[in-house]
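Dear colleague,

Please find below the structure that I am handing over to you, together with its sequence. My notes on what was found in it follow directly after.

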Amino acid sequence: MKTPNNNLIAISVAVIGVVFFSAKAVMVKLAYQYDIEAVPLLLLRMSFALPVYLIIALVKGRNKKNNLTCNDYIWLLVFGLIGYYLASLFDFLGLQYIKASLERIILFIYPTLVILITWIFFKKRPSREQIIAIVISYVGIIIAFSQELIISEQDDAQLILGGGLILLSAITYASYLVGSGYLIPKVGAVLFTSYAMMMACVGVIIHFSVTGGDHHIMDYPVQVYWIGFAMAIISTVIPSYLISYAIKQIGASNVSIIGSLGPVSTIILAYLFLGELFTLIQMAGSLVVIVAVIFISRQNRKA
C-alpha cells in the first residue's frame, strides 16, 4: 500500500535523479572542449557504466525467479536501445551544435510526449492535476529560456540541426519511459535498469566499432576520461536507478512532470561550469518550475 510518506520519498528520489541526469549535458560540453566527437564520448560513458550494470544484474538476478518470456526479452532489448542508446546518441550529436541550456528546453517536451504516448497506447487519459502541472512548468520554461533564444549567436542551420537531433532524443526517451512503466513491474526496477543499460552499452560499442574510423579511444587527454567516468557514474548509473524506482512508485507520467526541474538545474550548472548566462528573468522562470513540482508533489501526497 502506498502512503504519503512513500510518495514523498519517491518524489525526492525522482528530483535527485533528474538533477544528476541534467548534469550530463554540461559534462558533454566540457568534454567537447578537448576535441572529442559524440560517438567516442558516448562509448567512454557506456564503457565505464557497463561493469557496474553487469555486476548489479548478476547479484540482483541470482536469487530472483525468472518469469520473463521471450517477448519480454525482446522488449527489453528494444527499450534499452531506444532509451539509452538512441536517445543518448541523438542528445550527444545535438550538443555539438547548441548550448546545454537550449538543449534542455527542447528535451523538456518529453513529459508531454510521455503522457501522449500513454494516452494513445494505454488509453490512460491525463488527470486534471497533471495537465495543470504541465502548463505551469511550461510557463516557467518559456520564461527561463526566452532570453536564451533571443541572445543566441548560433548559426540558424546549426540550431535547426541540433534542435532536430535533440527532438529525436526527446521522442526516443519518452518512448523508453512509457515502456519502462510497463516492464518494471514484471522485471523489477533494478534488474530492468541493469538489463536496459547493458543493451544500450552493447549498442554503443557496436556503433563505434562500425563507424569509429580513425578514432583511437586511448588517445584523448586524461581530462576526457575523468569526465567520461563522472558522466557514467553521476549522470548515468546513479540516476538511472533512482528514476526507475520513482517510476515504479508514482508512475512514468508523474516522473516526467518532475523532470521539469531538469532544465532549471542545467541552467544553474551551465552558468557555474560553462559560463552560460543566467539572468533574473531566467531565475523567475526557474521559480515557476519549482512551483509546478511542488504542486504535483502535493497532489501525490493526497493520493
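**Findings**

I258 belongs to helix α10, which covers residues 252-258. Please bear in mind throughout that this is a predicted model. With a relative accessible area of 1%, I258 is buried, because the cut-off for that class is under 20%. I258 and V18 lie 240 residues apart in sequence, yet their C-alpha atoms are 7.8 Å apart in space.

A second residue leads back to I258. V15 is part of helix α1, and V15 touches both I258 and L261, leaving out residues up to four places away in sequence. The relative accessible area of V15 is 23%, so V15 counts as partly exposed, a class that runs from 20% to 50%. V15 is also paired across the sequence with I243: the two are 228 residues apart along the chain and 8.7 Å apart in space, C-alpha to C-alpha.

**The chain as a whole**

The chain contains 12 helices and zero strands. Its pattern, read along the sequence, is therefore an unbroken run of helices, α-α-α-α-α-α-α-α-α-α-α-α. Of the 303 residues in the chain, 50% are buried. The accessible surface of the chain is about 14,200 Å², and carbon and sulfur atoms account for 69% of that surface. As to contacts between residues at least 6 apart in sequence, 90% of them join residues at least 24 apart.

**Helix α11**

L261, the contact of V15 mentioned above, is one of the buried residues of helix α11. The others listed there are G262, P263, V264, S265, T266, I267, L269 and A270. Helix α11 takes in residues 261-273, and at 1.5 Å a residue its 13 residues should span 18 Å. The C-alpha atoms at its two ends are 18 Å apart, so the expected span and the modelled one agree.

Which residues does T266 touch, not counting those up to four places away in sequence? They are S22, V26, A100, S101 and R104. T266 lies in helix α11 and has a relative accessible area of 0%, so T266 is classed as buried. Just after α11, G275 adopts a positive phi of about 75°.

**The loop between α1 and α2**

Two residues deserve a note in the loop that joins these helices. D35 is found there, and D35 has a positive phi of about 60° although it is not a glycine. Most residues other than glycine have a negative phi. Is D35 buried or exposed? D35 has a relative accessible area of 69% and is exposed, because that value is over 50%.

E37 is placed in this loop as well, between α1 (4-32) and α2 (38-62). E37 has a relative accessible area of 42%, so E37 is partly exposed. The C-alpha atoms of E37 and F92 are 8.7 Å apart in space, while the two residues are 55 apart in sequence.

**The packing of α2 with α8**

Helix α2 packs against helix α8 (residues 189-211) at an angle of about 145°, and the axes of the two are 8 Å apart. The residues of this contact divide into 20 nonpolar, five polar and one charged. The crossing of α2 and α8 is left-handed.

**F79 in helix α3**

F79 is located in helix α3, residues 70-94. Its relative accessible area is 11%, so F79 is buried. Setting aside neighbours within four places in sequence, the contacts of F79 are Y84, S175, Y176, G179 and L183. F79 and V178 are 99 residues apart in sequence, and their C-alpha atoms are 9.3 Å apart in space.

With kind regards

Conventions. Residues numbered from 1 in each chain as written. Predicted model: local features only at pLDDT ≥ 70, side-chain atom pairs only at ≥ 80, totals over all residues. Heavy atoms only, no water. Helix = DSSP H or I, 4+ residues; strand = E, 2+ residues; numbered from the N terminus. Buried < 20%, exposed > 50% of the residue type's maximum accessible area, 1.4 Å probe, protein only. Axes fitted to C-alpha atoms, helices over the stretch in contact; angles between N-to-C directions. Left-handed = near helix turned anticlockwise from the far one by under 90°. Nonpolar A, V, L, I, M, F, W, Y, C, P; charged D, E, K, R; others polar. Contact = heavy atoms within 4.5 Å. Areas by Shrake-Rupley, 256 points an atom, 1.4 Å probe, with all protein chains shown as cover. Expected span 1.5 Å × (residues − 1).
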